[in-house]
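Please follow the account below alongside the sequence and the three-dimensional view. It proceeds from a loop to the elements around it.

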Amino acid sequence: MSECWSKADLHIHSNHSDGLARIPEIMDHVQENTDLDVIAITDHNTIEGALFAKALEDMYDFEVIVGEEISSRSGHVIGLYLEEHIPAGLSVSETIARIREQDGIAMIPHPFSNQGVFGPFGRNMFREAVNDLAFHALEVYNSIPYLGWANRVAAKMFTGGNGIAATGGSDAHVLQGIGTGYTLFRGSTAVDLRASIDRFETRAETGRGGLGLALRYARSIPKIRRQHAWNWERCEARQ
Ligand SMILES: [Zn+2]
Ligand SMILES: [Zn+2]
């Protein structure tokens, strides 16, 4: 098992939905200005941009995951490792079922925001839903500034550990936003990332400003933190 950890931004929008940047611009930006090893293009209700990015992948040093941020009837759900488009307007559980049918990873983004599946008052609902909804990952960190409070709730809900992987994403709609929130995972490829999610060992972090409460989950485990710091140095030295 790899002892190196890498960064993935699992929540990026392009101009195929409401983002401003075109896919080739995003690819060049990630290559030249970030240290991300994996990105997911997660446009609203389309995988066209993500498929385009995937087709360009070989020209770059990082990997692309085909994703989609699907507008379910009760909030946004992100599917990762998709092969086919999933339509908007289904229930949350049906949306997650469609993701799983494709052997994808179901991630709940900004879970406690207004467009989140659990809404701003969803803490009790969350406790029930963790048992009922078969999602794999919860976006504990989302970089959109006004979501600070919702991020803190997500982090707090996570401290007990619920058999769900923690992920971070930027929700970038412009180039400058890419990588401002990210997921740390063991290894360096999209396949490694998936294995890391399956082992619940991924962590959400932010690249800018204070690490904040969203990190309390990771920081409450000193052993992993020390190991991570050590591995990080070693992997940096290797390059
Ligand atoms: Zn969203
Ligand atoms: Zn989004």
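Asn-45 is located in the loop between strand 2 and helix 2. In this predicted model, its phi is near 60°, a positive value in a residue other than glycine. Is Asn-45 buried, exposed or partly exposed? It counts as partly exposed, because 16 C-beta neighbours lie inside 10 Å, whereas burial would require 20 or more and exposure 12 or fewer.

Beyond this loop, helix 2 (residues 48–56) lies across strand 2 (36–41) and strand 3, and it runs at about 155° to strand 3. Strands 2 and 3 belong to an open sheet of 5 strands, whose order is 3-2-1-9-10 and whose pairing is mixed. Strand 3 (63–66) and strand 10 (203–206) occupy the edges of this sheet; each has a single partner strand, so one side of each is left without a neighbour in the sheet. On average, neighbouring strands here are turned by 30° against each other, direction ignored. In general, the strands of a sheet pair through backbone hydrogen bonds, in either a parallel or an antiparallel manner. Strand 9 (residues 181–186) pairs with strand 10 in the antiparallel sense, over 4 bridges. Within this pair, Tyr-182 stands opposite Glu-205 in strand 10.

A further antiparallel pair is formed by strand 4 and strand 5 (residues 75–80), which are joined by 5 bridges. The connection between strand 4 and strand 5 is a hairpin of 2 residues, and Glu-69 stands opposite Ile-78 in strand 5. Why can strand 4 (residues 68–72) be described as largely enclosed by the rest of the structure? The reason is that 4 of its 5 residues are buried.

Strand 4 and strand 5, together with strand 6 (105–108), are also the elements against which the buried residues of helix 3 pack. In helix 3 (residues 92–101), the residues Val-92, Thr-95, Ile-96, Arg-98 and Ile-99 are buried. Viewed down the helix axis, these buried residues fall within an arc of 155°, so they line one face of helix 3.

Just after helix 3 comes Asp-103, with a positive phi of about 65°. Asp-103 is a residue other than glycine, and its place is in the loop between helix 3 and strand 6. Asp-103 is exposed, because 10 other C-beta atoms lie within 10 Å and the limit for exposure is 12 or fewer. Asn-45, by comparison, is partly exposed.

Key
Residues are numbered from 1 along each chain as its sequence is written. Chains are lettered from A and ligands numbered from 1 in the order in which they are written. This is a predicted model: local features need pLDDT of at least 70, side-chain atom pairs count only at pLDDT 80 or more; totals for chains, interfaces and linings use all residues. Two strands pair if DSSP finds at least two bridges between them. Axes are lines fitted to C-alpha atoms, for helices over the stretch in contact, and angles run from 0 to 180 degrees between N-to-C directions. Two residues are in contact if their C-beta atoms, placed from the backbone, lie within 7 Å. The arc is that of the directions from the helix axis to the C-beta atoms.
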